[in-house]
Amino acid sequence: MKPKITLVSIGHIDHGKSTLVGRLLYDTGQTSGKEKPDEFSHFLDSLEEEREKGITIDIVHTPFEGSKYRFEIIDCPGHKEFLKNMLSGTTQASAAQLLVSAAPGEGVQEQTIRHLWLAKLFGIKQLIVVVNKMDLVNYSENAFINLRDSVLSTLSNLNFSTDQVAFVPTSGKEGENVFFKTTNMPWW
């Protein structure tokens, strides 16, 4: 039996957490033959209110089978009103993926910092930073580097050990660097 890793997906609202996980499930064929949806987040956001408002309200536990590991991805809401749900997901995880949007005017936000602080408080030491929505900045290497540096500064301010934090530029919506290697970021 493969070892299991429980990974919590955290970050500010609308930075693409549910879309990225939904895209990963779709691209790996783990959506049970379901058709490609208008929104990949619909694979996870099953409550009517979540779909109507376009936000995640409750945590969702999603199994994912990799070649070496079994994963359980816990998708958490980014809204501050649902912080207790994010806490519930974080306490169950051994690692985290922080999504930060590269879209203009987004980047490191209030909930980005709050989620990182709480993840550290609850003992999350393994972290990957997913710089999402790279399609909205034309897959710019400079946009990626600037956002990476901003996140590194935030991590340092929160006393995270940054030497082993990985950064990955993605577009969850377009599927770039989610499961398939990107074709739009030759610099990566």
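User: Which helix and strands each supply at least two residues of the lining of the second largest pocket?

Analyst: A note first: this is a predicted model, where local features need pLDDT of at least 70 and side-chain atom pairs count only at pLDDT 80 or more, while totals for chains, interfaces and linings use all residues. Residues are numbered from 1 along each chain as its sequence is written, and side-chain values use heavy atoms, with hydrogens and water left out. A pocket here is an open set of points, on a 1 Å grid over the protein atoms alone, where a 1.4 Å probe fits and protein lies on both sides within 12 Å along at least five of seven lines; lining residues have an atom within 4 Å of a point. With helices (H or I, at least four residues) and strands (E, at least two) taken as DSSP runs numbered from the N terminus, the elements are helix H1 (17–27) and strands E1 (4–11), E3 (70–75), E4 (95–101) and E5 (126–132).

User: What is the volume of the second largest pocket?

Analyst: Grid points are joined across faces, edges and corners, and the volume is the space filled by probe spheres set on them. For the second largest pocket, that comes to about 490 Å³.

User: Which residues that line the second largest pocket are the closest to its centre?

Analyst: The lining has 17 residues, and its largest share, 3 residues, comes from H1. The ones closest to the centre are Leu7, Leu24, Gln97, Ile128 and Val178.

User: How do the residues of that lining divide into nonpolar, polar and charged, and how many are nonpolar?

Analyst: Nonpolar covers Ala, Val, Leu, Ile, Met, Phe, Trp, Tyr, Cys and Pro; charged covers Asp, Glu, Lys and Arg; the others, Gly among them, count as polar. On that basis the lining of the second largest pocket has 3 polar residues and no charged ones. The number of nonpolar residues is 14.

User: Stepping back, what pattern does the chain follow along the sequence?

Analyst: The chain has 5 helices and 6 strands. Read in order, they give β-α-α-β-β-α-β-α-β-α-β.

User: Is E4 mostly covered or exposed, and how many of its residues are buried?

Analyst: Buried means under 20% relative accessible area, exposed means over 50%, and partly exposed lies in between (1.4 Å probe, protein chains only). On one side of E4, Ala95, Gln97, Leu99 and Ser101 are buried, and on the other side Ala96, Leu98 and Val100 are too. E4 is mostly covered, and its count of buried residues is 7 of 7.

User: Which residue in E5 stands opposite Leu99?

Analyst: Two strands pair if DSSP finds at least two bridges between them, and E4 and E5 run parallel, joined by 7 bridges. The chain gets from E4 to E5 through helix H4 (residues 110–121) in a right-handed β-α-β crossover, meaning that with the strands pointing away from the viewer the path from the first strand over the helix to the second runs clockwise. Opposite Leu99 stands Val130.

User: Which helix does the chain pass through from E5 to E6?

Analyst: E5 pairs in the parallel sense with strand E6 (residues 166–169) over 4 bridges, and Ile128 stands opposite Ala166. This β-α-β crossover is right-handed as well. The chain crosses through helix H5 (residues 141–157).

User: Through how many residues does the hairpin join E2 to E3?

Analyst: Strand E2 (residues 60–65) pairs with E3 in the antiparallel sense over 6 bridges. Within that pair, Pro63 stands opposite Glu72. The hairpin that joins them has 4 residues.

User: Why does Phe71 count as partly exposed, and what is its relative accessible area?

Analyst: Phe71 lies in strand E3, and among the residues it touches (heavy atoms within 4.5 Å) are Ile5, Thr62 and Phe64, not counting residues up to four places away in sequence. Phe71 is 64 residues from Leu7 in sequence, yet the C-alpha to C-alpha distance is 7.1 Å. Phe71 counts as partly exposed because its relative accessible area is 22%.
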